[in-house]
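Student: Please take one part of this model and look at it closely, following how its pieces are joined and covered. I would like a connected account rather than a list.

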Amino acid sequence: MKIGVYPGSFDPVTEGHMDIIKRSAKMFDKVIVAVARNYSKKPLFTAEERMELIQRSLQGLPNVEVDSFEGLLMDYIHSKDAQVIIKGLRAISDFEYEFQMALMNRKLDSKVETIFMMTSYKYSFLSSSMIKEVASLGGCIAGLVPENIIPDIYRKLKTIR
Ligand code: ADP
């Protein structure tokens, strides 16, 4: 069984992430969206909340699972018997860091491939931090994150004010 792992912070999940999830679900028997618990920036949502928001956005994608991981991604990949790390690329600015990470992961286990999926044009400017910033200033985020999680984002931002 071909298993791909799509790791990230997903704080919160955006339509850019969903686009990568939907496209990779067609390429693998199973895709595991892996929420990083040891995410360096202080997250807005807890790992459980981030997982729940993704889960709620996954209708019609039976071969996609949501999980979380802590520590070395490669250890997690092994624990799931996965063969591929899935990454999204937005712009050249993502490239250098992702290139370094991919080479480091190859050094850790050369049998595990990293594949990069190019973002869809309309989401190329989109990041979770941009969503949080715009929403916290009262801007409209419709069309940029799954519709049914929009109220959760505004609600959560209110609690930290
Ligand atoms: P961010 O906080 O920068 O939005 P994450 O750590 O949650 O990013 O991202 C997880 C993965 O999703 C990374 O591989 C990242 O490059 C990718 N990604 C994030 N946003 C997009 C987007 N708009 N289009 C395509 N890939 C994306």
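Tutor: A residue counts as buried when its relative accessible area is under 20%, and as exposed when that value is over 50%. With that cut-off in hand, and remembering that this is a predicted model, we can begin in the loop between E1 and H1, which is the place of Phe10. Phe10 has a relative accessible area of 2% and is therefore buried. Its backbone also deserves attention, since the phi of Phe10 is near 50°, a positive value in a residue that is not glycine. The loop between E1 and H1 also holds Pro12, and the peptide bond leading from Asp11 into Pro12 is cis, with omega near 0°.

A useful counterpart is Asp81, found in the loop between helix H3 (73-79) and E4. Asp81 too has a positive phi, of about 55°, without being a glycine. Asp81, however, has a relative accessibility of 59% and so counts as exposed.

Beyond Asp81 we come to the part I would like to examine most closely, strand E4, which spans residues 84-89 and is mostly covered, with five of its six residues buried. To place E4, consider the open sheet, in which five strands are arranged in the order E3-E2-E1-E4-E5 with parallel pairing. The edges of this sheet are E3 and E5, each of which pairs on one side only. On average, and ignoring direction, neighbouring strands of the sheet are turned by 30° against each other. In the strand order, E4 stands between E1 and E5.

On one side, E4 pairs in the parallel sense with E1 (residues 3-8) over two bridges. Here Gly4 is placed opposite Val84 of E4, while Val5 is placed opposite Ile85 of E4. With E5 (residues 113-118), E4 is joined by six bridges, again in a parallel run. In that pairing, Gly88 faces Met117 of E5.

Within E4, Lys87 is a residue to inspect individually. Its relative accessible area is 13%, so Lys87 is buried. Leaving aside residues up to four places away in sequence, Lys87 touches Pro7, Glu98, Thr114, Ile115, Phe116 and Met117. Pro7 falls within the residue range of E1, and Thr114, Ile115, Phe116 and Met117 fall within that of E5. For a sense of distance to another part of the chain, the C-alpha atoms of Lys87 and Ile150 are separated by 24 Å, and these two residues are 63 apart along the chain.

The connection from E4 to E5 involves helix H4 (residues 92-108), and E4, H4 and E5 together make a right-handed β-α-β unit. H4 lies across both of these strands and runs at about 170° to E4. Asp94 is placed in H4, and at 15% relative accessibility Asp94 counts as buried. Again leaving aside residues up to four places away in sequence, Asp94 touches Gly88 and Leu89, and both of these belong to the residue range of E4.

Another helix that bears on E4 is H1 (residues 15-25), in which nine of the eleven residues are buried, so H1 is largely enclosed by the rest of the structure. H1 lies across E1, E2, E3, E4 and E5, and runs at about 120° to E5. The buried residues of H1 are Glu15, Gly16, His17, Met18, Asp19, Ile20, Ile21, Ser24 and Ala25. They are covered by elements including E1, strand E2 (30-36), strand E3 (64-69), E4, E5 and H5.

H5 leads to a helix pair that completes the picture. H5 (residues 128-136) packs against helix H6 (residues 150-159) at an angle of about 70°, with the two axes 10 Å apart. Because of that angle, H5 is roughly perpendicular to H6. From H5, the contact is made by Ile131, Lys132, Ala135 and Ser136, and from H6 by Ile153, Tyr154 and Leu157. Sorted by class, the contact of H5 with H6 contains five nonpolar residues, one polar and one charged.

To draw the threads together, E4 is bridged to E1 and to E5, is crossed by H4 and H1, and has five of its six residues buried.

Notes: Residues numbered from 1 in each chain as written. Predicted model: local features only at pLDDT ≥ 70, side-chain atom pairs only at ≥ 80, totals over all residues. Heavy atoms only, no water. Buried < 20%, exposed > 50% of the residue type's maximum accessible area, 1.4 Å probe, protein only. Helix = DSSP H or I, 4+ residues; strand = E, 2+ residues; numbered from the N terminus. Pairing = 2+ DSSP bridges. Right-handed = clockwise from strand over helix to strand, strands pointing away. Axes fitted to C-alpha atoms, helices over the stretch in contact; angles between N-to-C directions. Parallel < 35°, antiparallel > 145°, perpendicular 65-115°, else oblique. Contact = heavy atoms within 4.5 Å. Nonpolar A, V, L, I, M, F, W, Y, C, P; charged D, E, K, R; others polar.
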